[in-house]
Amino acid sequence: MCGIVGYIGYRNVTDVIFKGLTNLEYRGYDSAGLALRDENEIKIYKSLGKLVNLKNELEKRKSELKNPVSGIGHIRWATHGSASLVNAHPHTCNCGKLAVVHNGIIENYKELREELIKKGCIFKSQTDTETIAHLIAHEYANTKNLENAVRNSVKKLQGAYAICVMHKDSPDEIIGARKHAPMLIGIGENENFIASDTPAIIEYTKKTIYLDDNEIAIVTKNRVKITDINGNIIEKRIEILPWEPVSLSKLGYKHFMLKEIHEQPDVIRNELSGKLYDIDANVILNEVKLNAETLKNLNKIEIIACGTSLHAALVGKYIIEDLAGISVEVEASSEYIYRKTTTNASTLVIGVSQSGETADTITAIKQAKEKGAHILIITNRPDSNMARLADSLIPVNAGIEVSVAATKSYTAQLISFYLLAIYLAEIKTHTNKEYIKNLKHELIQVPAKIEEILSDTTQIQACAKQFSSYKNFIYIARGVNLATALEGALKLKEISYINATGYAAGELKHGPIAMLDETMPVLSILIPGGITYEKILSNSEEAKARNAKLIALTSSDDGNIANLFDAVIKIPKISEILSPAVACVPLQLLAYYIAEFLGKDVDQPRNLAKSVTVE
Ligand code: AGP
């Protein structure tokens, strides 16, 4: 969480940092701030809330600024200390000569703070970050060398940090350092950048160096020096970013979320190409680095993920067990890391993450790796920390996703699971060949079916309007679409703040049915031909008998559906096993339009962030 941008170069420093922060705003948006080196001074600007407030603050005080030559900026997602002006970054030391921005959590900050107070430091905020500022300032007073001061200081920090530091008396450099939090350097001509994520720099350069844990970057206008924590120089590889700046534009859509929902057919086509091109040929998945013999004998898979990625994992479990007959366990990363697991060297562990930076999932993957498991990562960010831990890496190639609510990265994850399940089934060879062939045929049709939904969203918009005033929803489904119900409810919750719960339809009568009345709509996912269709219809009848308003998401032509349900969202015909890849789309749209009607901040819902880099 939080976003960091540092710049030193010939451009308008304020503009570069502000633009960079704008492109990182999806990471956090409680408050924001800048430290600029201008006329031999460090000038600090802060504001509460969204970046537009920082823009206004800069505008108000623009006469103070002459010609800034470097700067660091930050957008905050509060961890230690409330979202307030005093807790906003950058933080400074007693004399105000040093400024620091920080992403992560310093676990021993209380002890350090007490020591520093004894040495005369005066703390203004409740943050852990301010400790870093005083610590480095103290070291600087002894060494008069910023690089060494940062190095000596970070050795004392426990926890996670990506920091960017500047000092009035060390005018030509910005120092970056990281441990368990992402940080990269953007390389330009007569200019260089530091950032916590690539969107901050993509407009200016595609040349990047990723810092690894315990590395320090000394960045000047014309040089980037990377050292380890002891000061030894490290030669790092320059990587070229795969993104284009255009992917950060809304391209005429009102919100990034809507744009990203509409990108799904192309994302899926892109993902299938080269892997599934002929239904008579086996799926090609060269990304899986385990040999066929090992895969044939594989009998346990564990999938670890959080949030929406966890829902993709639930679909993954269902289809891998169905198609390949391999037993799959799915667990939230945050649970996996705090228990004794049975993971061992013969387990295939799959980590799923849109961002590739989710702290809980990274920790879980590291634990599984230590136990000798083969690690397969499914992510939209092949440049992420999680991707670097992979023995096998499946990049879902959905293109950068800006909206905090994951949409296209979810469908892309689902498609990866379908490909993986078919790949494993074809290696195992015991699954009915005709069944697999039909599935492949249908998988190729998925983008067109989604296009059909996107081409006319009037029924979804009408349903959103009809139900936008309700305060509680239950989404029910069974089997492979239980994950769709959970994901649909999560989408509604996160962008409209309406209490929506996904439930296994059969569980309704074991408790939740007590809540049902005319104020609690029930949305049922009904895929005819599926083994649970009739059962979900009965569960819906039970809800109706308790006066609940009913919404059907279905591909059924059954005329009785319109009689039973108060609203019907029709989707194209599709087999039950593949239906999650299509059924999730109208639920994304339903959440989107409800949030839109309610005037919510769709792309940046409150309290959330795109990359959850703290545990
Ligand atoms: C998705 O809409 C959510 N914003 C959230 O649940 C997200 O899926 C979760 O934080 C996991 O993130 P990851 O996929 O980047 O690991």
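## The ligand shell and selected local features

In this predicted model, the residues of the shell around the ligand divide into five nonpolar, seven polar and two charged, where Ala, Val, Leu, Ile, Met, Phe, Trp, Tyr, Cys and Pro count as nonpolar, Asp, Glu, Lys and Arg as charged, and the others, Gly among them, as polar. Local features need pLDDT of at least 70 and side-chain atom pairs count only at pLDDT 80 or more, whereas totals for chains, interfaces and linings use all residues. Residues are numbered from 1 along each chain as its sequence is written, and side-chain values use heavy atoms, with hydrogens and water left out.

The ligand is surrounded by 14 residues, of which Ser 309, Ser 353, Ser 355, Thr 358 and Glu 494 are the closest; a residue is taken as near if one of its heavy atoms lies within 4 Å of the molecule. The table gives polar pairs between ligand and protein, a polar contact being a pair of N or O atoms within 3.5 Å; within protein, one atom must be able to donate a hydrogen and the other to accept it, and residues adjacent in sequence count only if both atoms are side-chain atoms.

| Ligand atom | Protein partner | Distance |
|---|---|---|
| oxygen | Thr 308, polar backbone atom | 3.0 Å |
| oxygen | Ser 355, side-chain N or O atom | 2.6 Å |
| nitrogen | Val 404, backbone N or O atom | 3.1 Å |

Of the 410 Å² of accessible area that the ligand has on its own, the protein covers 91%, with areas from the Shrake-Rupley method and a 1.4 Å probe; for residues, only the protein chains shown count as cover. Two or more residues of the shell come from each of α9 (307-324) and α16 (482-496), and α9 gives the most, with three residues. These elements are DSSP runs numbered from the N terminus, helices being H or I runs of at least four residues and strands E runs of at least two.

Leu 482 belongs to helix α16 and is partly exposed, with a relative accessible area of 26%; buried means under 20%, exposed over 50%, and partly exposed in between (1.4 Å probe, protein chains only). Leaving aside residues up to four places away in sequence, Leu 482 touches Ala 477, Tyr 503 and Ala 504, contact meaning heavy atoms within 4.5 Å. Leu 482 and Gly 316 are 166 residues apart in sequence, while their C-alpha atoms are 12 Å apart in space.

His 374 is placed in strand β18 (residues 374-379) and counts as buried because its relative accessibility is 15%. The side chain of His 374 makes a polar contact of 2.6 Å with the side chain of Ser 392, and the residues that His 374 touches, not counting those up to four places away in sequence, are Lys 289, Leu 290, Thr 347, Leu 348, Val 349, Asp 391 and Ser 392.

Most residues other than glycine have a negative phi, and most peptide bonds are trans. In the loop between β2 (31-38) and β3 (41-48), however, Glu 39 has a positive phi of about 50°, and Asn 40, placed in the loop between β2 and β3, has a phi near 60°. Asn 40 counts as partly exposed, at 46% relative accessibility. The peptide bond from His 89 to Pro 90 is cis, with omega near 0°, and Pro 90 lies in the loop between β4 (70-76) and β5 (91-92).

The domain assignment, whose bounds come from an automatic or database source, gives domain 1 (3-247), domain 2 (251-452) and domain 3 (458-597). The C-alpha centres of domain 1 and domain 3 lie 46 Å apart.
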